[in-house]
Amino acid sequence: MSADTYRHRGMRRALVEELRRKGIRDERVLTAIGTVPRHLFFESAFQPHAYQDKAFPIGEGQTISQPYTVAYQTELLQVQPTDQVLEIGTGSGYQCSVLLELTPHVCSIEYNQVLFERTARHLAGLGRTPRLFCGDGSLGLPQHAPFDKILVTAGSPTLPRPLLRQLRVGGALVIPVGDETSQRMMRVVRESETEFSRQELEEFRFVPLLGQAGWGAG
Ligand code: SAM
């Protein structure tokens, strides 16, 4: 594992300014991106590129999301310091680490066993302590529900009903929904036990959400 140097901190500051220019406004989100050393979530071959605003491979056919996407989804989530947050798609653990800058109560679930084990070890080594689970996140984590915020970091064909059921009243789900080639970001708020409101936002391209309430087993 490499260190976090003065040069890395400079590149993070430049990345934060780039995200600001691209429209990210929430200072808490920008501070979180400016704090988490993204290069430590990369395989060494890709580390020199860690502060470009791009997605990169993390193995197992998966990617670490582009910083703009991480900032955009995190801003939409409007995380408060007491919120219980569920992330679906732990991947490299980077987004999870950004969420931990905003609340200590983060659960994250990863479908791919190899990524789960690798990232669990890595986050422990960095001293970051989310509650990590391996399994089908399209079904949420019923045993730990309800959640104030749920963030899905893979593209879903529909709004997964189990996730809507696991939102606290007043809580929000941020999820990209669409086909395999592009998805529209959605922010769904649980207004009451039975009512939900939703906003449809920018288009993105994510890897597929696998599992029972996603695209299937994969
Ligand atoms: N948040 C990650 C990060 O910061 O590196 C990036 C996530 S990557 C774009 C999407 C992740 O979702 C992949 O690691 C993939 O294995 C995972 N995934 C896909 N379907 C899933 C499911 N049903 N439950 C949990 N994780 C899932």
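**Exercise 1. A proline in a loop**

In which loop is the place of P146? Find this loop, then look at the bond that joins A145 and P146.

*Solution.* This is a predicted model, so keep that in mind as you work through the steps.
- Step 1: P146 has its place in the loop between strand 5 and strand 6 (147-152).
- Step 2: The peptide bond that joins A145 and P146 is cis, with omega at about 5°.

**Exercise 2. The two sides of helix 5**

Work out which residues of helix 5 are buried, and which exposed residues sit on the face turned away from them.

*Solution.*
- Step 1: Start with the helix itself. Helix 5 takes in residues 113-125, 13 residues in total. From its first C-alpha to its last it reaches 18 Å, close to the 18 Å expected at 1.5 Å a residue.
- Step 2: Pick out the buried residues, which in helix 5 are L115, F116, T119 and L123. They lie on the same side of helix 5, because the arc they cover around the axis is only 100°.
- Step 3: Recall the geometry behind this pattern. An α-helix has 3.6 residues a turn, so residues three or four places apart point the same way.
- Step 4: Turn to the face away from the buried side of helix 5, and you will find the exposed residues Q113, V114, R121, A124 and G125.
- Step 5: Ask what covers the buried residues of helix 5. The cover includes strand 2 (62-64), strand 4 (106-110) and strand 5 (131-134).
- Step 6: Step just past the end of helix 5, where G127 takes a positive phi of about 75°.

**Exercise 3. Helix 2 and its cover**

Identify the buried residues of helix 2 and name elements that cover them.

*Solution.*
- Step 1: In helix 2 (27-35), the buried residues are V29, A32 and I33. Their arc around the axis is only 95°, so they share the same side of helix 2.
- Step 2: Helix 1, helix 3 and helix 4 are among the elements that cover these buried residues of helix 2.
- Step 3: Now follow one residue of helix 1. V16 has its place in helix 1 (residues 6-21), and V16 counts as buried because it has 22 C-beta neighbours inside 10 Å.
- Step 4: Leaving aside neighbours within four places in sequence, the contacts of V16 are L30, I33 and G34. V16 and L30 are 14 residues apart along the chain, and their C-alpha atoms are separated by 6.0 Å.

**Exercise 4. Buried or exposed?**

Is E43 buried or exposed? Decide from its C-beta count, then check how far E43 is from I33.

*Solution.*
- Step 1: Locate E43 in the loop between helix 2 and strand 1 (56-59).
- Step 2: E43 has 12 other C-beta atoms within 10 Å. A residue is exposed if the count is 12 or fewer, so E43 is exposed.
- Step 3: E43 and I33 are 10 residues apart along the chain, with 19 Å separating their C-alpha atoms.

**Exercise 5. Positive phi outside glycine**

What is the phi of E60, and what is the phi of Q78?

*Solution.*
- Step 1: E60 is a residue other than glycine, yet its phi is positive, near 60°. E60 has its place in the loop between strand 1 and strand 2. E60 is partly exposed, with 15 other C-beta atoms within 10 Å.
- Step 2: Q78, also a residue other than glycine, has a positive phi near 50°. Q78 lies in the loop between helix 3 and strand 3 (85-88). Q78 counts as partly exposed, with 16 C-beta neighbours inside 10 Å.

**Exercise 6. S65 and the ligand**

Which residue does UniProt list for "active site", and how many residues surround the ligand?

*Solution.*
- Step 1: The unreviewed UniProt entry lists S65 for "active site".
- Step 2: S65 lies in the loop between strand 2 and helix 3 (67-77). S65 is buried, with 24 other C-beta atoms within 10 Å.
- Step 3: Leaving aside neighbours within four places in sequence, S65 is in contact with A55, V70, Q95 and T153.
- Step 4: Turn to the ligand. It is surrounded by 26 residues, the closest being G89, G91, Q95, G137 and G211.
- Step 5: Strand 2, helix 4 (94-100) and strand 4 are the elements that give two or more residues to this shell. Strand 2 gives the most, with 3 residues.
- Step 6: Sort the shell by residue type: 11 nonpolar, 13 polar and 2 charged.

Definitions and conventions. Residues numbered from 1 in each chain as written. Predicted model: local features only at pLDDT ≥ 70, side-chain atom pairs only at ≥ 80, totals over all residues. Helix = DSSP H or I, 4+ residues; strand = E, 2+ residues; numbered from the N terminus. Expected span 1.5 Å × (residues − 1). Buried ≥ 20, exposed ≤ 12 C-beta atoms within 10 Å, placed from the backbone. Arc of directions from axis to C-beta. Contact = placed C-beta atoms within 7 Å. UniProt positions renumbered as here; feature names shortened; annotations may be inferred. Near = placed C-beta within 6 Å. Nonpolar A, V, L, I, M, F, W, Y, C, P; charged D, E, K, R; others polar.
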